[in-house]
Amino acid sequence: MPDANDDVIVSIRNVSKRFPGVVAVDDVSIDIRRNEFFALLGPSGCGKTTLLRMIAGLEKPTEGEIVIDGVDMAQTPPNRRPVNMVFQSYAVFPHMTVEQNVAYGLKVSGTPQAEIGPRVQEALDMVKLGSYGSRRPDQLSGGQRQRVALARALVKRPKVLLLDEPLSALDAKLREQMQLELARLQQTVGITFIIVTHDQDEALSMANRIAVMNQGKVSQVAGPGELYEQPRSRFVADFIGKVNLIDAEVTGVKGDAVICRTGGFGDLVLPAAAPASGQVAIAVRPEKMKLSAAEPRGKAAIRVKGRVRDVAYYGDTSHVFVETAGGQELSVNIQNDRRSHSEFHRGDDVWVSWLPEDSLILTE
């Protein structure tokens, strides 16, 4: 349901979109606040782009309403909405200079000639292209062309900027750089950004809040930290970062903890508020687990013996994949030191351990 917040710029109320044989968006309600960086995150086909296009007016909802700045947009065409959109393909005009590209929307909308020059320069300065006005797109890098597209959207001073996978065409290093630049730009211009992405790292690094979508529905809306540490479902836990999921059955309650029966780990007593019975998943992030050659001492930690199946090296960390005697595969993140990228190798017998409080019980 929408948030109880008076400072809402976009209110999506029970919106559905059906195409022949497909429900692309299924009864979605979200409130997006003024001046926040909001992400619609999910796998391909989850409905996030369709939802963004309905906010822009490029698609009409089958049911529900979209309210922008207090006005129902049902009868408002795309060109009259207080939004602007930056597409995945940039769509800059190759025969125009950077300055002409940015000025195009102002000229089409009839902005007085005297205003166009200063506003174009202001927009180019915002995206750090103030001295590039006379260049053509083929003289720019991919990141610079993306900034031209941003300037062209910002020059019209929209209340909401919509971004559809804006960084997907960039290489990994440039994409990471542009993520930081977009986050800074949003804070500088002080307007609402709504970004569609399938890249969890992109959403986590830029957005104030994220709506995780799956099969047309919103699974959870929360800040990056809450989504990562407190996912409400298997899907969110698995989609946001890496996670180990262990099937279990709740068999009882012990004080403030529940007793979970598992196939390969025995009965685990975990601090959690959960149903007294039923099937659940126990989620543990790889960085919460520890790896050792000898059995850990002490009674606090959950532990299981296994064998290293694979080791993936990532510079500062390695992901070690361990197969337990019960056939469960666990992923453990370990920090590498300067002397050796990993002390564990394929075929090694090891112990995996973690603290009960680092487990999450997921009922969905």
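Here are some short exercises on the predicted model above, each with a worked solution.

Residues are numbered from 1 along each chain as its sequence is written. In this predicted model, local features need pLDDT of at least 70 and side-chain atom pairs count only at pLDDT 80 or more, while totals for chains, interfaces and linings use all residues, and side-chain values use heavy atoms, without hydrogens and water.

**Exercise 1. Place Ser-16 in its surroundings.**

Start with the secondary structure: Ser-16 belongs to strand β1 (residues 8-19). Helices (H or I, at least four residues) and strands (E, at least two) are DSSP runs, numbered from the N terminus. Next, look at accessibility: Ser-16 is buried, at a relative accessible area of 3%. Buried means under 20% relative accessible area, exposed over 50%, and partly exposed in between (1.4 Å probe, protein chains only). Finally, list the contacts (heavy atoms within 4.5 Å). Beyond its neighbours within four places in sequence, Ser-16 touches Val-25, Asp-26, Asp-27, Pro-61, Thr-62 and Glu-63.

**Exercise 2. Describe the aromatic pair of Phe-235 and Phe-239.**

First, recall the rule: rings of Phe, Tyr and Trp (its six-membered ring) pair if their centres lie within 6.5 Å; planes under 30 degrees apart count as stacked, over 60 as edge-to-face and the rest as tilted. The structure has 4 aromatic pairs. In one of them, Phe-235 and Phe-239 are stacked, with 5.6 Å centre to centre and 15 degrees between the planes. Now check the helix: both residues are in α8 (residues 234-239), and because they are 4 residues apart, about one helical turn separates them. An α-helix has 3.6 residues a turn, so residues three or four places apart point the same way. As for accessibility, Phe-235 is partly exposed at 23%, whereas Phe-239 is buried at 16%.

**Exercise 3. Find the rings that have the charged end of an arginine over them.**

The test is that NZ of Lys or CZ of Arg is within 6 Å of the ring centre and within 35 degrees of the ring normal. Arg-152 has its charged end over the ring of Phe-93, 5.2 Å from the centre. Arg-285 does likewise over the ring of Tyr-228, at 4.0 Å from the centre.

**Exercise 4. Explore helix α1 and the residue after it.**

Helix α1 covers residues 48-56, and 7 of its 9 residues are buried, so the rest of the structure largely encloses it. The buried residues are Lys-48, Thr-50, Leu-51, Leu-52, Met-54, Ile-55 and Ala-56. Step past the helix and you reach Gly-57, with a positive phi near 90 degrees.

**Exercise 5. Compare Arg-157 and Glu-165, both with a positive phi.**

Begin with the background: most residues other than glycine have a negative phi. Arg-157 has a phi near 55 degrees, and that of Glu-165 is about 45 degrees. Then locate them: Arg-157 is in the loop between α4 and β7 (160-164), and Glu-165 is in the loop between β7 and α5 (172-189). Last comes accessibility: Arg-157 is exposed at 52%, but Glu-165 is buried at 10%.

**Exercise 6. Count the disulfides.**

A disulfide is a pair of cysteine sulfur atoms within 2.5 Å. Applying that rule gives 0 disulfides. Two cysteines are worth a look here: Cys-46 is buried at 1% relative accessibility, and Cys-260 is buried at 0%.
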